[in-house]
Amino acid sequence: MTDSAFVRLQVRINVIALLVALPLAWWIDGQAITIATLAGGLMGMGNFVVGAWLVKRLISGPAAQSKALFGVMMAGKFGVLMALAFIAIYILELDAIGFCLGLSTMVVALFIAGFMFATAPKGEET
């Protein structure tokens, strides 16, 4: 995982949001939607962590070749995400509503982490 304080905060909040969403999914429709919610949540969290890592490497890359490589990887990450979502919903036949519920925990976590990070008191400058 990346060493960014924001990424660590966001992942912790996403785990909490996912732990709240799983019993809700079980209550709504049982095991099938719960498994799909878990899969969507884990996929969203993995996508965020890999994206944060790629952006860090893209910005701080030492040479133009490495920046180009990480830029191509960043573009390819979206295609991989879409392929994994297709496999999860159409081939593994996971519940689409549950999968979207799991993915949406990432959005909730991003809003909460962004608000918490922006309103946190800043350290004293010396």
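This section describes the fold, the largest pocket, a nonpolar surface patch and several individual residues of a predicted model.

The chain contains 4 helices and 0 strands. Read from the N terminus, its elements follow the order α-α-α-α. The C-alpha trace extends over about 55 × 40 × 15 Å along its principal axes. Of the 126 residues in the chain, 33% count as buried.

The largest pocket has a computed volume of about 180 Å³. Its lining comprises 14 residues, and those closest to the pocket centre are M43, G44, N47, L81 and L103. Three elements each give two or more residues to this lining, namely α2 (31–60), α3 (64–91) and α4 (96–119). Helix α2 provides the largest share, with 6 residues. By residue class, the lining of the largest pocket consists of 10 nonpolar, 3 polar and 1 charged. In general terms, a probe the size of a water molecule, rolled over the atoms, shows where empty space is left.

Helix α2, the main contributor to the pocket lining, also holds two residues for which accessibility and a C-alpha separation were computed. L42 is placed in helix α2. With a relative accessibility of 48%, L42 is classed as partly exposed, because this class lies between the limits of 20% and 50%. Although L42 and G102 are 60 residues apart along the chain, their C-alpha atoms are separated by 7.6 Å. A52 likewise belongs to helix α2. The relative accessibility of A52 is 18%, and A52 therefore counts as buried, the cut-off being under 20%. A52 and L18 are 34 residues apart in sequence, and the C-alpha to C-alpha distance between A52 and L18 is 20 Å.

A nonpolar patch of about 720 Å² is present on the surface. The residues that make this patch are V80, L84, F86, I87, Y90, I91 and L92. One of them, I91, is found in helix α3. The relative accessible area of I91 is 54%, so I91 is classed as exposed under the criterion of over 50%. Helix α3 is thus the location of I91 and also one of the elements that give two or more residues to the lining of the largest pocket.

The loop between α3 and α4 contains E93. The backbone of E93 adopts a positive phi of about 55°, although E93 is not a glycine. E93 counts as exposed because its relative accessibility, 65%, falls in the class of over 50%.

In helix α4, A118 was examined in relation to a residue at a distant position in the sequence, F6. The relative accessible area of A118 is 58%, and A118 is therefore exposed by the criterion of over 50%. A118 and F6 are 112 residues apart along the chain, while a separation of 9.7 Å was computed between their C-alpha atoms.

Technical notes
Residues are numbered from 1 along each chain as its sequence is written. This is a predicted model: local features need pLDDT of at least 70, side-chain atom pairs count only at pLDDT 80 or more; totals for chains, interfaces and linings use all residues. Side-chain values use heavy atoms; hydrogens and water are left out. On a 1 Å grid over the protein atoms alone, a cavity is a set of points where a 1.4 Å probe fits but cannot get out, and a pocket is an open set with protein on both sides within 12 Å along at least five of seven lines; lining residues have an atom within 4 Å of a point. Grid points are joined across faces, edges and corners, and a volume is the space filled by probe spheres set on the points. Ala, Val, Leu, Ile, Met, Phe, Trp, Tyr, Cys and Pro count as nonpolar, Asp, Glu, Lys and Arg as charged, and the others, Gly among them, as polar. Patches are made of residues with over 30% relative accessible area and no salt bridge: like charges are joined within 9 Å, nonpolar side chains (Val, Leu, Ile, Met, Phe, Trp, Tyr) within 5 Å. Accessible areas come from the Shrake-Rupley method with a 1.4 Å probe; for residues, only the protein chains shown count as cover. A salt bridge is a side-chain nitrogen of Lys or Arg within 4 Å of a carboxyl oxygen of Asp or Glu. Buried means under 20% relative accessible area, exposed over 50%, partly exposed in between (1.4 Å probe, protein chains only).
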